[in-house]
Amino acid sequence: MDHQDVLLEVDDQGLAILTLNRPERRNALGATLVDALRGHVAALARDPGVRVVILTGQGDAAFCAGADLKERAQMGPEEVERFVGGLRAMMDEVAALPRPTIAAINGAALGGGCELALACDMRVAAAGASLGLPETHLGIIPGAGGTQRLPRLIGVALAKELIFTGRRVQADEAQAMGLVNRVAGPEGLIEACRRLAAPMLGAAPIALAQAKRAIDGGEGLSLAAGLTLEGECYAVTIPTSDRVEALAAFQEKRRPVFKGR
């Protein structure tokens with residue numbers, strides 16, 4: 001893609017890093033950035049060579065400060081409706097990526113920025129990062145998944161507290177409540193994410209995709225329905241070459257080489 005609002009790099013192990021690149025606007029979600037991110041996510045979903053995706057922001061001030069309110073103020077009602085629809089679609093597309101996704105939260109993740117982090121499978125925060133959903137203090141509510149993904153992650157009572165009060169939480173508190181998986185240590189944020197991703201890069205891609213489908217699709221189902229879904233996902237892995245390769249590698253006492261087929 002020609003524009004530079006979102007940067008993409010993919011290494012030879014299949015680790016993709018998407019970087020929101022509007023540090024002068026605290027990586028705010030403007031229309032061009034949202035379109036760029038949707039394009040990259042669609043391309044990554046089609047690329048069998050990509051195994052894990054890390055999503056981060058440029059600079060150390062903000063992962064993403066949410067919607068670009070200056071840009072939003074120039075929009076008419078119909079434009080706002082179209083923008084919010086695209087924003088919601090983008091969050092859903094990030095969540096639906098058939099790859100493990102890690103939000104590398106390098107600074108403030110507020111409003112839509114927090115919702116973007118919530119759309120990822122895992123979150124790693126820099127020590128100075130903060131997260132929050134301040135929308136009720138702007139006369140609105142979280143509208144890109146926050147009211148649904150946050151309670152599923154940390155529980156209803158805590159989610160209500162954070163959304164009703166608009167309170168920011170720092171990285172350590174976010175980890176304690178289960179909002180982030182890890183807080184990066186002295187090695188740095190991206191290195192911490194690479195360490196988290198490393199075992200996933202060595203796993204079978206189809207197995208990872210089906211594990212994600214089973215977990216995400218099982219939310220809200222009864223146990224019986226969830227187990228049925230798990231069985232369907234398990235069945236997808238049985239005829240794969242990767243499963244045969246895993247058995248051969250075990251017998252030959254070597255690491256398996258998975259091809260994603």
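In strand S5, Thr101, Ala103 and Ile105 point one way, while Ile102 and Ala104 point the other, and every one of these residues is buried. This arrangement comes from a predicted model, and S5 is a good place to begin a tour of it. Since five of the five residues of S5 are buried, the strand is largely enclosed by the rest of the structure. The pattern of directions in S5 also illustrates a general habit: in a regular strand the side chains alternate between the two faces of the sheet.

S5 belongs to an open sheet of six strands, arranged in the order S1-S2-S3-S5-S7-S10 with mixed pairing. At its edges are strand S1 (6-10) and strand S10 (182-183), each of which pairs on one side only. Helix H4 (residues 112-119) packs on this sheet, where it touches strand S2 (15-20), strand S3 (52-57), S5 and S7. The direction of H4 makes about 145° with that of S5.

The pairing within this sheet can be followed strand by strand. As background, strands of a sheet pair through backbone hydrogen bonds, either parallel or antiparallel. S3 and S5 run parallel and are joined by four bridges, with Ile54 standing opposite Ile102 of S5. On to S7: strand S5 (residues 101-105) and strand S7 (residues 122-125) are likewise parallel, and four bridges link them. Across this pair, Ile102 stands opposite Met122, Ala103 faces Arg123, and Ala104 has Val124 as its bridge partner. Ile102 thus appears in both pairings, opposite Ile54 of S3 and opposite Met122 of S7.

S7 shows a similar division of its side chains. Met122 and Val124 point one way and Arg123 and Ala125 the other way, and all are buried. From S7 the sheet continues to S10 through two bridges, the two strands running parallel. Here Ala125 of S7 stands opposite Val183 of S10, and S10 is one of the edge strands of the sheet.

A charged residue is found just ahead of S5. Arg99 sits in the loop between helix H3 (77-96) and S5. Arg99 is buried yet has no salt bridge. The nearest side chain of opposite charge belongs to Asp47, at a distance of 6.1 Å, whereas a salt bridge would require the charged atoms to be within 4 Å. A polar atom of the Arg99 side chain does, however, lie 3.3 Å from the backbone oxygen of Ala45. Beyond residues up to four places away in sequence, Arg99 touches Leu44, Ala45, Arg46, Asp47, Pro48, Val50, Arg51, Val53, Asp121 and Lys212. Asp47 is therefore in contact with Arg99, although no salt bridge is formed by this buried arginine.

The model also contains a second open sheet, made of four strands in the order S4-S6-S8-S9, again with mixed pairing. Strand S4 (62-64) and strand S9 (169-170) are its edge strands, each pairing on one side only. Helix H4 packs on this sheet too, touching S4, S6 and strand S8 (130-132), and its direction makes about 95° with that of S6. H4 is therefore in touch with both sheets, having contacts with strands such as S5 and S7 as well as with S4, S6 and S8.

Within the second sheet, S4 and S6 run parallel and are joined by two bridges, and Cys64 stands opposite Ala109 of S6. Leu110 lies in the same strand, S6 (residues 108-110). With a relative accessible area of 11%, Leu110 is buried. Apart from its neighbours within four places in sequence, Leu110 is in contact with Cys64, Ala65, Gly66, Leu131, Gly132, Pro134 and Arg168. By contrast, Asp242 is 132 residues from Leu110 in sequence and 40 Å from it in space, C-alpha to C-alpha.

Finally, two residues in a loop deserve a look for their backbone angles. Arg26 is in the loop between S2 and helix H1 (31-46), and its phi is near 55°, a positive value in a residue other than glycine. Asn27 is also placed in the loop between S2 and H1, and has a positive phi of about 55° although it is not a glycine. Their surroundings can be set side by side: Arg26 is partly exposed, with a relative accessible area of 35%, whereas Asn27 is buried, with a relative accessible area of 0%.

Technical notes. Residues numbered from 1 in each chain as written. Predicted model: local features only at pLDDT ≥ 70, side-chain atom pairs only at ≥ 80, totals over all residues. Heavy atoms only, no water. Pairing = 2+ DSSP bridges. Contact = heavy atoms within 4.5 Å. Axes fitted to C-alpha atoms, helices over the stretch in contact; angles between N-to-C directions. Buried < 20%, exposed > 50% of the residue type's maximum accessible area, 1.4 Å probe, protein only. Lys, Arg positive; Asp, Glu negative; His and termini not counted. Polar contact = N/O pair within 3.5 Å; in protein donor to acceptor, adjacent residues only side chain to side chain.
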